[in-house]
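Me: I have a model with two chains open in front of me. How should I read the relation between the copies?

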Protein chains: 2
Amino acid sequence: MSRKFKVIFQPAGRRGEIEEGTTILKAAQLLGVDLEALCGDKKVCGKCKVRIEEGYFEKDNLESSMSHITPPEAGADELKHIKPEDGPGIRLACSCEIHGDLKVFVPERSRAGKQVVRKAAKELSIALDPAVKKYTLTLTPPTLHDMTTGDYERVVMEMEKDYGLKGLTFDYPVLLQLQDVLREGEWTITLTVWQDREIVKVEPGHVDVCYGLAVDVGTTTCVGYLCDLSTGKVINTESMMNPQVPYGEDVMSRITYAMSNPEGLKTMQDAIITGLNEIIDKVVNEVKKDGPNPGFAIDDLTIVFNTAMHHIFLGLNPVYIGRSPFIPAVQRSLDIKARDLGLRINPGSFIHVLPIEAGFVGADNVGVLIAQEQYFQDEMVLIIDIGTNGELLLGNRDRVCSTSCATGPAFEGAQIKFGMRAAPGAIEKVKIDPATKEPQYKVIGKADWHTHIEGKINAKGICGSAIIDVVAEMFKAGVIDKTGKFVMDCGSNRVRKDNAGKPEYVLAWADETSINQDITVTQGDVRALQLAKGALYTGTKLMMQKMGVTRLDRVELAGAFGSHIDREASLTLGMFPDVPIDKVVVVGNAAGDGARMALLNKSKRIEADERARWVNFVEIATEPAFEKEFMMAMHIPHMKDKFTNLKAWLEEQKAPIAASIKG
Amino acid sequence: MSRKFKVIFQPAGRRGEIEEGTTILKAAQLLGVDLEALCGDKKVCGKCKVRIEEGYFEKDNLESSMSHITPPEAGADELKHIKPEDGPGIRLACSCEIHGDLKVFVPERSRAGKQVVRKAAKELSIALDPAVKKYTLTLTPPTLHDMTTGDYERVVMEMEKDYGLKGLTFDYPVLLQLQDVLREGEWTITLTVWQDREIVKVEPGHVDVCYGLAVDVGTTTCVGYLCDLSTGKVINTESMMNPQVPYGEDVMSRITYAMSNPEGLKTMQDAIITGLNEIIDKVVNEVKKDGPNPGFAIDDLTIVFNTAMHHIFLGLNPVYIGRSPFIPAVQRSLDIKARDLGLRINPGSFIHVLPIEAGFVGADNVGVLIAQEQYFQDEMVLIIDIGTNGELLLGNRDRVCSTSCATGPAFEGAQIKFGMRAAPGAIEKVKIDPATKEPQYKVIGKADWHTHIEGKINAKGICGSAIIDVVAEMFKAGVIDKTGKFVMDCGSNRVRKDNAGKPEYVLAWADETSINQDITVTQGDVRALQLAKGALYTGTKLMMQKMGVTRLDRVELAGAFGSHIDREASLTLGMFPDVPIDKVVVVGNAAGDGARMALLNKSKRIEADERARWVNFVEIATEPAFEKEFMMAMHIPHMKDKFTNLKAWLEEQKAPIAASIKG
């Protein structure tokens with residue numbers, strides 16, 4: 001038996017007994033402490049800095065006998081991330097093991113905060129024909145004269161007579177309730193039927209309301225839309241952070257976590273199932289408050305996610321989609337009993353998992369596809385769906401290609417020095433005056449635009465959509481040039497060099513922030529964004545080449561990111577080939593819309609399976625033209641043949657970033 | 001919290017702490033003590049007599065401080081069964097509650113003993129086409145060039161190409177293993193496919209052996225036949241007492257147990273599932289000794305039972321088949337995942353539950369039907385399948401009728417004073433010399449015929465098949481007349497009156513027995529047998545009338561009972577209308593044969609479903625002619641129009657017996 005030590009986290013005040021040798025990060029996860037872990041244990045992001053306040057003492061009495069003892073030396077990996085300005089006692093939580101009682105302080109910058117969910121449901125226009133419907137039957141009570149017919153047979157016969165549904169079967173646990181429910185309902189019952197095939201619920205008397213839940217599991221955010229299947233209306237929306245975030249902020253970190261921990265896959269699967277059960281309980285609370293399992297009122301569930309989230313949710317080993325040749329376990333849609341997955345909706349109901357396209361293009365992209373229906377359109381449409389990764393769909397009724405772009409998590413604020421998720425305190429919109437180079441910005445949670453002169457604003461960092469803004473604005477204001485290089489002599493004290501001699505732009509002075517540090521945009525941040533937008537641009541370009549397309553008729557921006565991006569900034573940066581600004585359309589959470597459509601109309605499920613196979617997946621990284629296109633696409637805005645000295649820098653930067661994305 | 005008391009059962013030596021107020025019978029069941037409980041708690045059979053040796057003392061130390069304290073007075077129900085010759089301290093275990101520490105002795109007569117199983121498998125002649133088959137695939141390892149195909153899709157595609165099987169799906173938990181098994185087998189795998197539809201197992205490399213289990217759950221005995229599905233051979237047979245016996249020896253006792261105990265249904269369902277898991281583990285031991293779940297080697301299972309066992313096995317409330325209008329929950333065959341039932345064969349496999357005919361005619365009778373295939377024959381065949389109840393099938397290719405006869409459990413030795421199951425010590429064959437009225441008998445476990453002069457034989461009781469013998473022999477020897485009445489002046493000291501003045505025949509003197517009591521056949525025993533055989537005869541007669549059949553071409557005797565019955569004795573008694581003795585055929589465990597056939601050839605499953613509906617169930621008890629026919633059928637042998645004074649006696653006897661059978 002290993003020893004255990006007492007660990008307290010401040011300012012949260014969480015405490016517990018932790019086994020010797022556990023990292024502080026793991027301890028924080030065990031105790032439910034809000035602590036960022038962007039890279040998920042790989043010791044590369046440096047976001048999980050904590051301050052050891054007291055520790056390594058001998059006595060049991062934690063409160064009284066604490067004395068400061070220096071923790072063991074940090075290793076080289078760790079020291080890379082720790083700066084003198086961080087102050088004394090700072091360690092990376094992922095690297096520092098527990099070998100004695102500890103008191104740990106989590107600085108505000110290291111706290112993840114509550115995500116602001118930006119996945120509201122829009123009105124859909126779709127014919128109602130759900131996979132799950134309710135039917136009420138009134139039977140003649142049996143007598144000795146028709147005693148040779150069982151309850152099952154009696155119900156099935158009547159369903160054929162009254163509703164024309166032939167060959168229905170009963171889910172076995174539902175059959176177990178049939179006898180008593182028939183008698184409780186005095187021979188009037190309501191049956192819930194899945195796909196005109198299986199009876200998945202039986203209730204006494206007449207019941208007409210029928211609920212379904214459409215779920216979109218993002219790498220960062222999960223959202224559930226509770227729908228009334230008789231009207232198609234969204235009754236309630238509930239969202240939460242993906243509870244897998246503590247095991248890694250991006251897809252590859254989670255695949256790595258699954259590979260390097262024997263119980264890693266199960267831990268993450270349990271986390272998402274538990275999380276979805278919370279969403280289920282909360283979302284249904286509006287309509288059904290009583291009973292031990294309110295979620296049982298939900299009779300259908302559709303779900304979309306990227307391929308890694310898909311595999312982890314199902315308990316499939318995600319390692320094979322993380323390494324060449326990137327083979328998924330299954331592509332087609334699946335219908336799995338809720339009870340087999342442990343989801344607390346009606347246990348007899350099926351969870352409909354939408355199909356995936358390929359190893360990198362998931363059910364969420366299929367959701368986008370069936371929601372936007374490029375395949376019914378004459379115009380050549382590009383859809384950019386950016387969550388934590390970027391996925392592209394290009395085409396029209398003749399042909400659609402898809403690809404996944406290794407944008408890295410820059411658009412979500414990760415790998416950006418002051419990047420953060422869309423949470424209160426995040427700068428979400430930026431303008432820079434070209435004359436003075438002075439910025440104005442908007443912070444989530446506050447209505448107005450701010451400048452320095454207005455005093456304390458409590459900014460904390462920069463979220464994804466603002467990164468686009470600020471880089472575009474820096475370019476337009478002449479703070480950076482078209483290669484992304486800082487113009488040091490642009491005449492502003494906001495443009496300066498950091499301790500290591502690297503250029504940066506001060507977006508907010510320390511006194512405007514809640515973290516008492518200047519919030520800056522660094523040369524590295526600009527480069528990360530250039531890589532990300534270059535990846536998107538290259539993906540589009542190569543797909544266009546493959547398809548012989550020279551011109552886009554329309555660009556649709558989808559996803560949480562897509563809903564908040566400034567269309568002009570995205571054009572300025574050159575995230576996609578030129579198109580008139582009125583042909584750039586923000587379509588919101590199209591992946592979630594697709595899940596809802598599959599919930600409301602069962603033919604959309606068939607369409608999804610067919611179209612997922614019909615779409616032509618293009619692997620960008622193996623295209624011979626990739627290298628050249630990618631390097632050209634890094635410019636702001638994209639300027640063909642004007643490529644200068646970017647190549648050497650690119651070679652240096654690309655490898656580790658690409659590696660961290662593809663594993 | 002209620003108090004607990006120490007209880008010791010002798011001579012078994014089982015002991016335990018039992019909650020106050022528990023009956024001694026329940027305590028015996030909890031501690032696994034072998035104690036008869038024919039009526040299953042209804043206080044009517046009087047078979048569970050025990051002797052309180054010491055009890056109702058105060059101290060903890062059970063061994064040292066025991067002192068004899070008189071237990072509370074027995075009630076009237078109980079006193080009815082307790083005779084002076086039983087000796088002091090005798091109580092009915094089902095009626096006596098525990099209110100202090102106890103030492104209880106179980107006399108040999110009250111011990112159930114180990115059943116001798118008489119359900120050996122005979123050779124079947126049937127084309128092999130099992131529902132479950134194994135297929136080996138060798139796949140080309142995927143490369144970056146075919147990365148858009150998932151493992152699932154790759155396997156399904158190849159199965160179509162190699163074996164022509166289209167549209168296969170994966171059982172969800174099997175899908176979870178696919179990725180790793182493909183790689184472990186270096187892209188050679190063996191798939192187990194159910195009904196050319198669903199993949200229920202995936203194994204690395206080439207596997208060719210495939211096992212299935214055919215199960216026959218009788219009211220008293222369960223048997224499992226392990227078959228090699230590639231040869232059709234029975235590899236191993238394993239049987240056991242039905243572990244539900246402690247909750248009631250017959251169907252109605254168990255239905256009553258389910259009704260009167262809140263957890264009764266679940267308790268009995270758990271008992272049979274646990275029992276079948278024991279059979280699974282033992283039966284597979286021959287072929288697979290290792291691993292924590294040897295039973296997982298079994299990929300298919302078919303099962304037959306009567307309607308009540310069927311309902312209890314599935315967890316369906318059996319109460320509605322026990323009372324008018326006797327409606328079963330379901331009649332058609334069911335395919336239920338082994339994991340949903342908790343049976344420890346391959347968890348992805350389906351348990352195929354054969355269809356039932358009606359409330360009283362179960363899947364076991366359907367098994368008889370598809371094994372004997374009356375519906376393909378020109379001859380008019382009567383099949384009598386007697387387990388704890390009697391079921392009849394009458395017909396030929398044009399039409400088959402079925403019925404269930406309330407024979408009562410007399411044929412199995414219950415409700416017979418010295419009746420017992422077919423266990424060591426049971427008298428199984430009897431001959432009586434017409435001149436001397438002296439018997440010769442055969443005891444299970446000993447090869448020879450015995451008479452008194454040979455001394456101590458350790459007979460214990462009379463089993464079902466011997467009851468037929470002895471009554472037929474008594475009639476032929478003139479000990480009873482054709483009305484079943486004893487001939488007191490037949491000139492033998494073996495014919496005498498008991499303490500209550502009722503006639504009886506001494507089959508074995510006390511010194512030949514292990515129970516030190518004369519084993520007798522009483523007037524009541526003869527009457528019970530007359531009722532039973534009368535029920536069979538009446539059932540046949542009424543079916544013949546309904547069908548316009550005047551003559552039987554053949555009689556087939558099926559079941560454990562049918563395998564051991566003396567054909568001549570059954571004719572002598574008049575169990576069925578006259579037929580030449582060479583047209584009486586013993587067919588063995590036809591119900592089990594039917595289960596095996598459904599295992600070996602999937603078209604037999606379709607045949608079973610079709611024929612179960614095609615057979616015409618005849619409810620004997622509601623036929624207007626029943627009363628009259630039944631009363632006439634009581635004679636030995638059946639003598640139409642020679643009915644004398646039986647009617648008054650019948651009225652008196654029939655009601656309580658019929659009630660105990662139908663509830």
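Reply: Two copies of a chain are related by a rotation about an axis and a shift along it. Here chain B superposes on chain A by a rotation of 180 degrees with 0.1 Å of shift along the axis, at RMSD 0.1 Å (least squares on the C-alpha atoms of residues with pLDDT of at least 70 in both). That is the relation of a two-fold axis. The model is predicted: local features need pLDDT of at least 70, side-chain atom pairs count only at pLDDT 80 or more, and totals for chains, interfaces and linings use all residues. Residues are numbered from 1 along each chain as its sequence is written, with chains lettered from A and ligands numbered from 1 in the order in which they are written.

Me: Which residue of chain B comes closest to the rotation axis?

Reply: B:Asp340, with its C-alpha at 4.9 Å.

Me: How many residues does each chain bring to the contact?

Reply: Chain A and chain B each give 35 residues (contact: C-beta atoms, placed from the backbone, within 7 Å). On the chain B side, α3 (151–163) and α4 (172–184) are the elements that give two or more residues. α4(B) gives the most, six residues. Helices are DSSP runs of H or I, at least four residues, and strands are E runs of at least two, numbered from the N terminus.

Me: Why do the copies meet through the same surface?

Reply: Because 100% of the interface residues of chain B are also interface residues in chain A.

Me: What is the secondary structure of chain A?

Reply: Chain A has 18 helices and 28 strands.

Definitions and conventions:
Two residues are in contact if their C-beta atoms, placed from the backbone, lie within 7 Å.
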